[in-house]
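Work through the exercises below with the sequence and the model at hand, and try each task before reading its solution.

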Amino acid sequence: MRIKALSLEECQDALRRAGVGRLACVRYNQPYIVPISFELVDDALYGFAMAGRKIHWMRSNPNVCVEVDDIRDRFNWTSVIVEGRYEELTDSKTHEADRARAEQLFRGRPHWRYPASATLDPARALNPVFYRIQIESISGRHAFQPSRLDRLKVATRAARLRQWWRRVARIEKPRVAARSEM
């Protein structure tokens, strides 16, 4: 198995493909992690939720982390970590355009309010909390099994390197021996 670091563009592509990840937040030194739906736009993840535990925790500590992964098996996977700051998109004039943008992103999805509001009182489900996570850092890794051809190329390179070292060792030995005889 090989593991390679992803470029910024590859991380962003993985986030766009996923649309679902895990949000981690902390309050009073207690971590909490929960799945979320999101959309990546520019340098922010946009999301929504009903007022509850994660919203209360993010309001008290806006430092959050989002993890996204695509796991085919234990040897073939991609993982992206986003660290950022929670910002609630309120009904105020300052957030009016951003909130409209967030609402538009999710309205294009069928049943966009589910599962967040599926089990709630219908009156409460009418007022989702829209937010964005301003991305401060992003990193990712991709693990994969090299193909048979790649493994053959590596084995061939390794065999050539061993042969080279053997030739060098044979060349060097007589010279060292000849010097010691003098």
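The exercises that follow treat three residues in turn, each with a worked solution.

This is a predicted model, in which local features need pLDDT of at least 70 and side-chain atom pairs count only at pLDDT 80 or more, while totals for chains, interfaces and linings use all residues. Residues are numbered from 1 along each chain as its sequence is written, and side-chain values use heavy atoms, with hydrogens and water left out.

**Exercise 1.** Find the strand that holds A49, and decide whether A49 is buried or exposed.

*Solution.* Begin with the strand, a DSSP run of E of at least two residues, numbered from the N terminus: A49 belongs to β5, residues 44–49. Next, its relative accessible area is 1%, so A49 is buried (under 20%, with exposed over 50% and partly exposed in between, for a 1.4 Å probe and protein chains only).

**Exercise 2.** Place S79 in its strand and identify the side chain with which it makes a polar contact.

*Solution.* S79 sits in strand β7, which covers residues 76–88. Its side chain and that of E67 form a polar contact of 3.4 Å (a pair of N or O atoms within 3.5 Å; within protein, one must be able to donate a hydrogen and the other to accept it, and residues adjacent in sequence count only if both atoms are side-chain atoms).

**Exercise 3.** Describe the surroundings of R132, starting from its strand.

*Solution.* R132 is part of strand β8, residues 129–144, and is buried because its relative accessibility is 9%. Its side chain then reaches the side chain of Y46 in a polar contact of 3.2 Å.

How values were computed
Helices (H or I, at least four residues) and strands (E, at least two) are DSSP runs, numbered from the N terminus.
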